Amino acid sequence: MKRIFGTDGVRGKANFTPMTVEIAMALGRAVGKLFRLHNSKHRVVIGKDTRLSCYMFENALIAGLCSMGVDTLMVGPLPTPGVAFITRAYRADAGVVISASHNSFYDNGIKFFSADGYKFSDEWEKKVEELVFKNDFSDSLPKDYEIGKNTKIDDANGRYIEFAKNTFPKNRSLKGIKIALDCANGAGYRVAPMIFRELDAEVYVIGDRPNGININHQCGSMYPEGLRDLVLESGAHIGIALDGDADRVIMVDEKGEIVDGDDILAISAKDLLKNNILKNNKVVTTVMCNLGFIKAMENLGIEVIQSKVGDRYVIQDMLNLGANLGGEQSGHIIFSDHNTTGDGLVSALQVLKVMVTEQKKLSELASIVEKYPQICLNIPVIDKPALDTLKKVRETISCCEKSLDKRGRILVRYSGTENICRVMVEGKELNEVKAIAEEIALAIKTEIGLQESL
């Protein structure tokens, strides 16, 4: 049996395995069966982003869950962290988010949260997978009068807006702050502008007109160029770019420079340390973080823990180590004192809090990290054979590592959510780093082959 769960739930091209209506319904039935065995409430929250295909997957999941005697609470387009919050607020058995995060509209995904708002563990995902592959629920069907019902929740947006605002100090205001905001035509397009405006900021918005196929298209955290232009044109103090499901954020400072997850993590770690609320003096990040971030934390006396790539692994290490701050260079930042998953809007509010409290520009705050040159290339591939079985790729990486010696590092891995091989090379000299990354990328293209264009 081939696994259908990746690093962030189930994900793929909509209408193709594993993202088919049939599998979505089976996932709903599998989760329904498991929770009827283990819980008594039997209700599940379902949220989504703005992709065209969300409608069919939403209905398939509702049908699957209701057929197993589970009530569903439909919240509509809402950021992933908002669904995690609503799941806890309604004391539901689980939460489901239909989203492919930063991917293009033709992809979609399904990810699950437990009752406490954390993403399903590997153990639970395995149980769900086994039931999906078996696809026989005849032994667990409820009585005819116990079939579940679907209810639309009308106040989910308002609840999440208040939750997010409450992570910003009550004695502070964003009055006088100009914010350029890119909602990526995604799940945050309604709530994000309201959050900042209700805190008295002057907000200039782009990416707030979703049409089902423009989510993440040349906008949002993956494409911050448009936000940079808006910052410079409007004279904004800060630019905030969300991704499709608003669980990550990339920023732009007042000069038009990109402020990524490493910078945001460093700004926040320094602030928490200063206020004596950085638990166990630790920050959790991933192996993709810039060496400049590690150096900055060392200078502050903060221990850096590097997890596998994926915010769920960052969160697991945070829980195991008793840390309350973690994140990824891509912009997933977890403030566990506030939420159980990456939250782009809460993260932005924490940086704004520091700006307002210290009366400093974002560029000043971000200067704590002196970045090492880093090149990241994404190579589309047909399949994902084990990298150590690819002779040419293995030999090329080995040769490049010897050339780079101890002046940098190389990381080659497959994406857990797309048919992509990621090559990251970091060192002191940009030209050398670029040349090495391109050499490894060529070896991958030669040995695995390019994915056919969609």
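# Helix packing, cysteines and backbone oddities

Modeller: This is a predicted model. A place to start is the contact of two helices: from α1, residues A26, L27, A30, V31, K33, L34, F35 and H38 meet W124, K127, V128, L131 and V132 of α4.

Biologist: How do the residues of that α1 and α4 contact divide into nonpolar, polar and charged?

Modeller: The contact of α1 with α4 has 10 nonpolar residues, one polar and two charged.

Biologist: And what is the angle between α1 and α4?

Modeller: About 120 degrees, with the axes of α1 and helix α4 (residues 122–134) 9 Å apart. An angle from 115 to 145 degrees is neither roughly perpendicular nor roughly antiparallel, so α1 and α4 count as oblique to each other. The crossing of α1 and α4 is right-handed.

Biologist: Why give both an angle and a distance for packed helices?

Modeller: Because two packed helices are described by the angle between their axes together with the distance between those axes.

Biologist: OK, then α6 and α11. How do their axes cross?

Modeller: Helix α6 (residues 191–198) and helix α11 (residues 344–358) have axes that come within 11 Å and cross at roughly 25 degrees. α6 is therefore roughly parallel to α11, the cut-off for that being under 35 degrees.

Biologist: Right-handed or left-handed?

Modeller: α6 and α11 cross in a right-handed way.

Biologist: Which residues meet there?

Modeller: On the α6 side, V191, A192, I195 and F196; on the α11 side, L345, A348, L349 and L352. The residues of this contact of α6 with α11 are eight nonpolar, no polar and no charged.

Biologist: Which residues of α6 are buried?

Modeller: V191, A192, P193, I195 and F196 are the buried residues of α6.

Biologist: What do those buried residues of α6 pack against?

Modeller: They pack against two helices, α5 (156–165) and α11, and against the strands β8 (178–182), β9 (202–206) and β10 (238–242).

Biologist: You mentioned α5. Which of its residues are buried?

Modeller: In α5 the buried residues are A156, Y160, I161, F163, A164 and K165. Those buried residues of α5 pack against β4 (71–77), α3 (80–89), α6 and α11.

Biologist: Change of topic. How many disulfides does the structure hold?

Modeller: Zero.

Biologist: Why is C54 too far from the closest cysteine for a bond?

Modeller: Because the closest cysteine sulfur, in C219, is 15 Å from the sulfur of C54, and a disulfide needs the two sulfur atoms within 2.5 Å. C219 is in no disulfide either; the cysteine sulfur nearest to that of C219 belongs to C183 and is 9.4 Å away.

Biologist: Is C54 buried or exposed?

Modeller: C54 is buried, at a relative accessible area of 1%. C219 also counts as buried, with 6% relative accessibility.

Biologist: Now the backbone. Which peptide bond is cis?

Modeller: One that is cis joins T17 and P18, with omega about 5 degrees. P18 sits in the loop between β2 (9–13) and α1 (21–38).

Biologist: Why point that out?

Modeller: Because most peptide bonds are trans. Likewise, most residues other than glycine have a negative phi.

Biologist: So what is the phi of N185?

Modeller: N185 is not a glycine, yet its phi is positive, about 50 degrees. N185 is placed in the loop between β8 and α6, and at 8% relative accessibility N185 is buried.

Biologist: And N216, what is its phi and where is it found?

Modeller: N216 is another residue other than glycine with a positive phi, near 65 degrees. N216 lies in the loop between β9 and α7 (225–234). Its relative accessibility is 5%, so N216 counts as buried.

Biologist: What about D200?

Modeller: D200 comes just after α6 and takes a positive phi of about 80 degrees.

Biologist: Last one, N150. Where does it lie?

Modeller: N150 lies in strand β7 (residues 150–152). With a relative accessible area of 35%, N150 is partly exposed.

Biologist: Which residues is N150 in contact with, leaving aside neighbours within four places in sequence?

Modeller: N150 is then in contact with I62, C66, T72, L73 and M74.

Biologist: And how far apart are N150 and C289?

Modeller: N150 and C289 are 42 Å apart in space, C-alpha to C-alpha, and 139 residues apart in sequence.

Technical notes:
Residues numbered from 1 in each chain as written. Predicted model: local features only at pLDDT ≥ 70, side-chain atom pairs only at ≥ 80, totals over all residues. Heavy atoms only, no water. Axes fitted to C-alpha atoms, helices over the stretch in contact; angles between N-to-C directions. Helix = DSSP H or I, 4+ residues; strand = E, 2+ residues; numbered from the N terminus. Parallel < 35°, antiparallel > 145°, perpendicular 65-115°, else oblique. Left-handed = near helix turned anticlockwise from the far one by under 90°. Contact = heavy atoms within 4.5 Å. Nonpolar A, V, L, I, M, F, W, Y, C, P; charged D, E, K, R; others polar. Buried < 20%, exposed > 50% of the residue type's maximum accessible area, 1.4 Å probe, protein only.
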